[in-house]
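Me: Please take a close look at a single part of this structure: a cavity. Then show me what else is worth seeing in the model.

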Amino acid sequence: MITKIRAGASPPSQLSIIKLCFLFSGISVLSVRTMKQFDPTTLEIYRALYTSVAEEMGIALRRTAFSPNIKERRDYSCAVFDARGRVIAQGDHMPVHLGSMPMAVASVLKAIELRPGDVVALNDPFAGGTHLPDVTLLMPVVSSQLSVVSGKPGAKKKGSDREKRQLTTNNEPLTLFYVANRAHHADIGGATPGSMGLATDIYGEGLSIPPVRLVKNGALDEDIMRLILANVRSHSERRGDFQAQIGSLKTGATRLLEIVERRGQREAADYANHLIEYSARLMRHAIATIPDGNYEAVDALDDDGVSDAPVPIQVRISITGSRARVDFSGSAPQVAGPVNAVEAITVSAVSYVFRCLLGDDVPASAGLMQPIEVIAPKGTVVNAIHPAAVAGGNVETSQRIVDVLFKALARGLPDKIPAASQGTMNNLTIGGIDPRSGNEFSYYETVAGGMGARPDHAGLSAVHTHMTNSLNTPAEALEYAYPLRVREYRIRKGSGGKGKRRGGDGVIREIETLAEARMSLLADRRRNAPYGLHGGEDGKPGSAAIVSDGKARKIGSKGSWELTAGDRVRIETPGGGGWGKKN
């Protein structure tokens, strides 16, 4: 079977347009009215307002989180959705989260009757999630909460009395917005610390959370929380991160209510719709600059960790006027190892690549995908079905999908598309018992590499690229939080591909464990190097080794290993491909 997402239509699981006074989830939803002509200056103000809400949600989450992965590496994302569940603004966070989050929101709205004060949790990859460590929280912002901000000194209340009376229908509050965030928890259970090991089905990867209320009527459901914490490592850290996510949602809700209180619900909703329509127009214009035709490419993952066979991903991009059709037919069937991607990941990668064709000031809204049709055959590595293992689909396969999409577009836009970046996130997890406290610890990190060279500039060295937008864990924070020591951290000189524009270099990162521990690695681009473009050379592949008693033992790119105190894990990440022939 083939799953299609038709341009301009909501996914099958999303809400249809709902008429005024129709009750869904116990909360009335306003109808979509005929839109009046918008004011460009006001549109830009609302773009900045809604984006700032998502950004402030991220700041609140980062500052209150417990785990270094969230507060130091910033492995989280936040977004604002309208009353119909369409994204209207996103923070400058993780592309792999942001492009897939709308499917999670749609899944929640289909499964749960949301009430004011509810917060729903979800990480099930087959219900709108990505992989199990990424937990999404969603909260409605409703009209009954307006009293939270009303009466503040200096507040400009633009909404009319009639409009305020319309904010309840049949004595039910109206949904104004939804706020959501997604954070990568350093452990969510499973066979290996960090929940990123070499499992062969979803059950071995950790705790799967379908859409469930984590907060009911404003109160944390301790039964649900105890159930989650009983199945994960580092209980206090997990609880702290969940509470930080909840606090982040409250921050976003407060800011949105302030906008409605000052400008009125009608204007706030109208300009949310204008932003979506504006994004769609800009994307159609960008697609129209690509010459009509079919652009094909193939790339591959090295292996799935279970067998040594490569895992090819094939794409055909068809451009017709201002519309694009992205067809992944011909890609490998889903595999036994954990590199399967669910549909949300594939759509997210497509969204990211086409978003790169636009400027920085384009609203990051649902309109971006309206002119784009994605075909991802079910049961393949780009649209896996239950119970496939998917931990690496989010972090490794997403990168390869980006690579193959850019490779195809380079045929139509040869002077705009960069060479391949490192093409892996080099996921490293280490866990065990911390001898300093006697408590469990779970360390997770992705390791930077080389950026592909661009037509006008060399690639950057030692950066996180494409579907990840995170940072390294500072050595001081890492050594304070875990029984680990950073022994070496430097640029891997000469690993970028040569060319008219040189690819960026990868890094070398060597970490020593001070206690017995179990280490897992989930990486790629160890055999198939990051490609160069237009005569540029490929970047150098990566490698990994365990150093024991001064002797290095090369290890594969996917698997788990036992470490003793004093052992070191050495990661050498790939460089980016070069662009153009060097004169």
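Reply: Start with the term. A cavity is a set of grid points where a 1.4 Å probe fits but cannot get out. A residue counts as lining it if one of its atoms lies within 4 Å of a point. Bear in mind that this is a predicted model.

How many cavities of 30 Å³ or more does a search of the whole structure find? It finds two. Take the second largest. It holds about 70 Å³ of space. Its lining is made of 15 residues. Nearest its centre lie Asp75, Met94, Asn394, Val395 and Tyr444. Helix H3 (95-98) and helix H10 (393-409) are the elements that each give two or more residues to this lining. By type, the lining divides into seven polar, five nonpolar and three charged residues.

Now look at two loops. One runs between helix H2 (68-71) and strand E4 (76-82), and Arg74 sits in it. The phi of Arg74 is near 60 degrees. That is a positive value in a residue other than glycine. The other loop lies between strand E15 (372-377) and H10, and it holds Pro387. Here the peptide bond from His386 to Pro387 is cis. Its omega is near 5 degrees.

Next, a meeting of two helices. The axes of H1 (residues 40-64) and H8 (residues 265-288) come within 10 Å. They cross at roughly 95 degrees. Angles of 65 to 115 degrees count as roughly perpendicular, so that word fits H1 and H8.

Which residues meet there? H1 brings Thr42, Leu43, Tyr46, Arg47 and Tyr50. H8 brings Glu267, Ala268, Tyr271, Ala272, His274, Leu275 and Tyr278. Sorted by type, the residues of this contact are eight nonpolar, two polar and two charged.

Two of these names come back when we turn to rings. The whole structure has five aromatic pairs. One of them joins Tyr46 and Tyr271. Is this pair stacked or edge-to-face? It is stacked, with 10 degrees between the planes. The ring centres are 5.1 Å apart. Tyr46 is in H1 and Tyr271 is in H8. They are 225 residues apart, and the pair links distant parts of the chain.

Key:
Residues are numbered from 1 along each chain as its sequence is written. This is a predicted model: local features need pLDDT of at least 70, side-chain atom pairs count only at pLDDT 80 or more; totals for chains, interfaces and linings use all residues. Side-chain values use heavy atoms; hydrogens and water are left out. Axes are lines fitted to C-alpha atoms, for helices over the stretch in contact, and angles run from 0 to 180 degrees between N-to-C directions. Helices (H or I, at least four residues) and strands (E, at least two) are DSSP runs, numbered from the N terminus. Angles under 35 degrees count as roughly parallel, over 145 as roughly antiparallel, 65 to 115 as roughly perpendicular and the rest as oblique. Contact means heavy atoms within 4.5 Å. Ala, Val, Leu, Ile, Met, Phe, Trp, Tyr, Cys and Pro count as nonpolar, Asp, Glu, Lys and Arg as charged, and the others, Gly among them, as polar. On a 1 Å grid over the protein atoms alone, a cavity is a set of points where a 1.4 Å probe fits but cannot get out, and a pocket is an open set with protein on both sides within 12 Å along at least five of seven lines; lining residues have an atom within 4 Å of a point. Grid points are joined across faces, edges and corners, and a volume is the space filled by probe spheres set on the points. Rings of Phe, Tyr and Trp (its six-membered ring) pair if their centres lie within 6.5 Å; planes under 30 degrees apart count as stacked, over 60 as edge-to-face and the rest as tilted.
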